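Student: I should like to go through this model and ask, for each term applied to it, on what grounds the term is used.

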Amino acid sequence: MTHCRVPLLALLLAVLPTVLRAQTTIEGRVSLPKTTTAPVVNQRYEIVSKGGIVATNPPLAVVYLEGDFPKSPTPPVAQLIQKELAFVPALLPLRVGTKVEFPNLDDQYHNIFSYSPPKRFDLGRYRPDERPIPSQVFDVPGLVTLRCDIHEHMRGIVLVLATPHFVMTDVAGNFRLTGLPPGRYTLKAWLDSKTTREQAVELTAAGNMRVDFPASP
Amino acid sequence: MIPHRPIRLAFTLTALAIVGGTVVAASEEYFDRLGQALSASSLHGHVRARLSGTVDLEAYHLPTPAPAFIDTTREDLFNPRLTLFLDTQLGERVYLFSQARADQGFDPGQSAARFRFDEYALRITPWADRRGSFQLGKFATIVGNWVPRHGSWENPFISAPVPYEHATGVWDTETPRSLNQFLLWNHVRPGLSVFNTANEKKFRLPLVWGPAYATGAAVSGALGQFRYSAELKNAGIASRPASWTKAGKWWTYPAVAARLAYSPNPMWTFGVSAANATYLRPSAQPTLTAGRGRGDYRQRTFAADAGFAWHHWQLWAEVFQSRFEMPLLGDADTVSGYVEAKYKFTPQFFGAVRFNRQTFGTLLDGPRPPIHWGRNLWRIDVAPGYRLTPHVQLKLEYSLHHEASAAALAAERTQTLAAQLTARF
């Protein structure tokens, strides 16, 4: 019996700080704007037209907790794909310091670039099978708009955040942010480059909150 | 009035920079929102339309006479241009596009501003696997590989390559009555009349007239790594803008052209093209000998092209061999081509250089040795460019043009400076 209690106690002592530190969850809903018009692909001088219907990306929001958080010891890696003449996902939130790879899954060239102040780069044209996959490290927080120099309709957004606590809403605007540390923070909902809503929140050690971001009057 | 040419040029460039700075101040987001506002869709997105365009402000410092088809006697020229594109997608199979311009002529000139539709076409793609599509309307030629980058935003230069803009002495309104007259028209021999010197530019034909937006139909498609296209139009690739919308007897001798391209991967593309058309307008019929028609005198062109792109490099090359069948004189052959390279030094700063060359064949000159019917030439174009924002770019171009000596005419070297500010929305 004693032999069993010792490992059990050790296990409890090991997980207790984590349990006490990060068990809060925030749920809620963000009122999203209406679906925007899908782009028309410029095919005027394409000898060979391919379809022409580009998937409509429904508006989504990114909800994140703003505060002072320790830096990640290992830089995370994410992927943003070019597929069927579109960025997938069209909106990518990530933590500052994240390395993003840009695989090209189309059978033609893309040329991704950004002139956004937080990250200015031009990947040039690279083959789909080229290795290593072209990548960039996003080391300054802010909004980065991605474009393609070949396909003018292509748009992608990378939202570089100085927090590890963020989540994207679903198409209805619902979100669930888990594993949050107790404390006083600002909860923000990013909708587009001009619209970020925010609410002050106080998180306790073990409790769930509901926070909604209604549409502005 | 600004007295000196260098000061005028500096003034113009400063004005361009001020306008550019103002446009840049309107953030890239403004242009994105404008683009969104100019898009529309209905029926669950199956019908979509987008209005887009470019605004160009061009300034030239020109030699005399002005190069290519630039129609002015001035040494400095300012040329604003508005280009509008309407792209409409109906489901997955039907695509309509049009291009309209408001400017002082297809090539810069002194004429008053005008508005015209340069392109309007309907494309139907019946098969999802891209094996074929059909296009009907007024649209750019399928010959060669320059057309996809002939717009001011895509073209790393301000000018077109020599095969697309160097005016030969072949006229489309009449045929020469003698070799001497033909050599006068070609500036191989001096003595062209004052009247012709002042007016000839509108008659002279290049090897390919820019994008050659003639009217007709085309079929194109992809079979594995091969791309094919063929067109049937009312006017040939050398025809000038005034010919591109003509109907009626223009269709008596339709122009045909075809291109086959092989692209083993996105990095390389190789193509061959051929075109055959009468180059004479119906008004030239009275200048032909009895029993002969326009269809007896044709321009036959063969072309090869190559394209390469990798990382920040883009290279293109084209070579054309063209034959103008001349009444009384025989075949006037010319070969023209260029090699062009573009490199992005930084995300926003790029540069391009192009070497152009055109040579002319010989015609029999009685008892004397055969004589070249045109003056061989080369031209080097150097063009740095800077993208101020994803929607605004500034390009400069310097061209050094050399024409070989001919008969009593000495070799000539001329220089052209140009600046172009483009805002795309």
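Student: How do you know that β4(B) and strand β5 (residues 114–124) of chain B pair, and in which sense do they run?

Tutor: The model is a predicted one. Two strands pair if DSSP finds at least two bridges between them. β4(B) and β5 of chain B are joined over 10 bridges in the antiparallel sense, so by that criterion they are paired. Within this pairing, Arg101(B) stands opposite Arg116(B) in β5(B).

Student: Which strand is joined to β4(B) by 9 bridges?

Tutor: That is strand β3 (residues 76–90) of chain B, which runs antiparallel to β4(B). Here Gln89(B) has Tyr95(B) in β4(B) as its bridge partner. The two strands form a hairpin with 3 residues between them. In the turn, Gly91(B) has a positive phi of about 65°.

Student: What makes strand β4 (residues 94–103) of chain B largely enclosed?

Tutor: A residue is buried under 20% relative accessible area. Of the 10 residues of β4 in chain B, 7 are buried, so the strand is largely enclosed by the rest of the structure.

Student: Why is Thr88(B) counted as buried?

Tutor: Thr88(B) is found in strand β3 of chain B. Its relative accessibility is 15%, and the limit is under 20%, so the term applies.

Student: Which residues does Thr88(B) touch, leaving out residues up to four places away in sequence?

Tutor: Thr88(B) touches Val40(A), Arg48(B), Ala49(B), Val94(B), Tyr95(B) and Leu96(B). Contact requires heavy atoms within 4.5 Å.

Student: How many residues of each chain take part in the contact between chain A and chain B?

Tutor: There are 53 residues of chain B in contact with 43 residues of chain A.

Student: What area do the two chains bury between them?

Tutor: Chain B and chain A bury about 4200 Å² between them, with 49% of it on carbon and sulfur atoms. Arg48(B), Arg130(B) and Pro266(B) supply 16% of the area that chain B buries against chain A, more than any other three residues. The size of an interface is often expressed as the accessible area lost when the parts come together.

Student: How many bridges join β19(B) to strand β2 (residues 47–61) of chain B, and how many join it to strand β18 (residues 392–403) of chain B?

Tutor: β2 of chain B is joined to strand β19 (residues 412–424) by 8 bridges, and these strands run antiparallel. Val55(B) has Ala423(B) in β19(B) as its bridge partner. β18 of chain B is joined to β19(B) by 12 bridges, again antiparallel. Lys395(B) stands opposite Gln420(B) in β19(B).

Student: Turning to chain A, why are β14 (174–180) and β17 (208–213) said to stand at the edges?

Tutor: Three strands form an open sheet in the order β14-β1-β17 of chain A, with mixed pairing. β14 and β17 of chain A each have a single partner strand, so one side of each is left without a neighbour in the sheet. The twist averages 20° from one strand to the next.

Student: How do you know that strand β1 (residues 24–30) of chain A pairs with β14(A)?

Tutor: The criterion is at least two bridges. β1 of chain A and β14(A) pair over 5 bridges in the antiparallel sense, so the criterion is met. Glu27(A) stands opposite Arg176(A) in β14(A).

Student: Is Ser114(A) buried or exposed?

Tutor: Ser114(A) belongs to strand β8 (residues 112–116) of chain A. Its relative accessible area is 0%, and the limit is under 20%, so it is buried.

Student: What makes the approach of the Ser114(A) side chain to the backbone nitrogen of Ser116(A) a polar contact?

Tutor: The distance is 3.1 Å, set against a limit of within 3.5 Å for N or O atoms, one able to donate a hydrogen and the other to accept it. The backbone oxygen of Lys119(A) also lies 2.7 Å from a polar atom of the Ser114(A) side chain. Leaving aside neighbours within four places in sequence, the contacts of Ser114(A) include Phe121(A), Val144(A) and Leu146(A).

Definitions and conventions
Residues numbered from 1 in each chain as written. Chains lettered and ligands numbered in written order. Predicted model: local features only at pLDDT ≥ 70, side-chain atom pairs only at ≥ 80, totals over all residues. Heavy atoms only, no water. Helix = DSSP H or I, 4+ residues; strand = E, 2+ residues; numbered from the N terminus. Axes fitted to C-alpha atoms, helices over the stretch in contact; angles between N-to-C directions. Buried < 20%, exposed > 50% of the residue type's maximum accessible area, 1.4 Å probe, protein only. Buried area = accessible area lost by both parts, 1.4 Å probe.
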